[in-house]
Amino acid sequence: MIEMHFDLHELTKLSDDFLEAAKEKFPRKTKNFMGRAGNRMRTRARAAYKSDIKHSKTGNLVRGLSRGRPYIYGKDEFSVRVINKAPHAHLFEHGHVLWAHPPGAKHAIKTNRMVEGRYTMAHTEKAFQEEYEGMVDEFVDQLLQEGEIL
């Protein structure tokens with residue numbers, strides 16, 4: 001009887017080594033890849049916001065989503081930001097105290113009710129993680145097929 005044991009940690013390390021080589025040897029291709037990943041994350045976030053919003057008068061919350069430029073974080077880690085620039089995005093994400101406008105009142109009155117946050121970006125980020133890992137694998141495979149890493 002023959003037994004075979006595989007240490008998947010080594011495969012993960014190999015994949016990380018390939019990605020590290022891609023970052024060092026092909027920074028332009030890696031930046032382009034990060035830009036595509038950011039665009040896909042922004043698309044997923046837009047769809048999530050549209051499904052979470054019950055009614056919208058202006059659509060500014062969805063329109064406020066944007067992707068920044070890929071940049072190097074720390075010493076050697078590529079990153080890209082997907083943020084919501086809408087001035088009320090943090091209220092939708094994290095919740096807020098409800099203010100009421102009673103009839104005939106000149107100013108809004110603070111109530112004791114708390115509107116719960118939806119955490120749409122956090123949920124989208126968590127759901128996108130698996131898709132991103134697949135994108136990284138495809139990127140490394142593409143570089144291997146082109147014979148550029150080895």
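**View 1. Who lines the second largest pocket?** In this predicted model, the lining of the second largest pocket sorts into 8 nonpolar, 3 polar and 2 charged residues. The pocket itself comes out at a volume of about 400 Å³. Of its 13 lining residues, Met-41, Val-80, Glu-125, Phe-128 and Gln-129 sit closest to the centre. Two helices, α2 (27-52) and α5 (120-145), each put in at least two lining residues. The largest share is from α5, with 5 residues.

**View 2. The largest pocket, up close.** Here the volume is about 640 Å³. Count 18 residues around the lining, and look for Ile-53, His-55, His-88, Phe-92 and His-96 if you want the ones nearest the centre. By class, that lining breaks down into 6 nonpolar, 7 polar and 5 charged residues. Helices and strands both join in: α3 (60-63), α4 (89-94), β5 and β6 each hand over at least two residues.

**View 3. Strands β5 and β6 side by side.** Strand β5 (residues 95-100) and β6 run antiparallel, and 5 bridges hold the pairing on paper. One spot to zoom in on is Ala-100, whose bridge partner in β6 is Ile-109. How many of the 8 residues in β6 (residues 109-116) are buried? The count is 0, so to speak a strand that is hardly covered. Both strands turn up again in the lining of the largest pocket, where β5 and β6 each supply at least two residues.

**View 4. Inside the largest nonpolar core.** This core gathers 25 residues, and Phe-33, Tyr-49, Ile-53, Leu-61 and Met-121 have the most contacts inside it. Four helices, α2, α3, α4 and α5, are the elements that give two or more residues each. Once more α5 tops the list, as the largest share of the core, 7 residues, comes from this helix. Ile-53 does double duty: besides being one of the core residues with the most contacts, Ile-53 is among the residues nearest the centre of the largest pocket.

**View 5. The neighbours of Met-121.** Which residues does Met-121 touch, not counting residues up to four places away in sequence? The list runs Met-41, Ala-45, Tyr-49, Leu-65, Val-82 and Glu-93. Two of these names come back from earlier views. Tyr-49, like Met-121, is one of the residues with the most contacts inside the largest nonpolar core. Met-41 is one of the residues closest to the centre of the second largest pocket.

Note on methods. Residues numbered from 1 in each chain as written. Predicted model: local features only at pLDDT ≥ 70, side-chain atom pairs only at ≥ 80, totals over all residues. Heavy atoms only, no water. Buried < 20%, exposed > 50% of the residue type's maximum accessible area, 1.4 Å probe, protein only. Pairing = 2+ DSSP bridges. 1 Å grid on protein atoms, 1.4 Å probe; cavity = no way out; pocket = protein on both sides within 12 Å on 5 of 7 lines; lining within 4 Å. Points joined across faces, edges and corners; volume = space filled by probe spheres on them. Nonpolar A, V, L, I, M, F, W, Y, C, P; charged D, E, K, R; others polar. Core = buried A, V, L, I, M, F, W, Y, C linked by side-chain atoms within 4.5 Å. Contact = heavy atoms within 4.5 Å.
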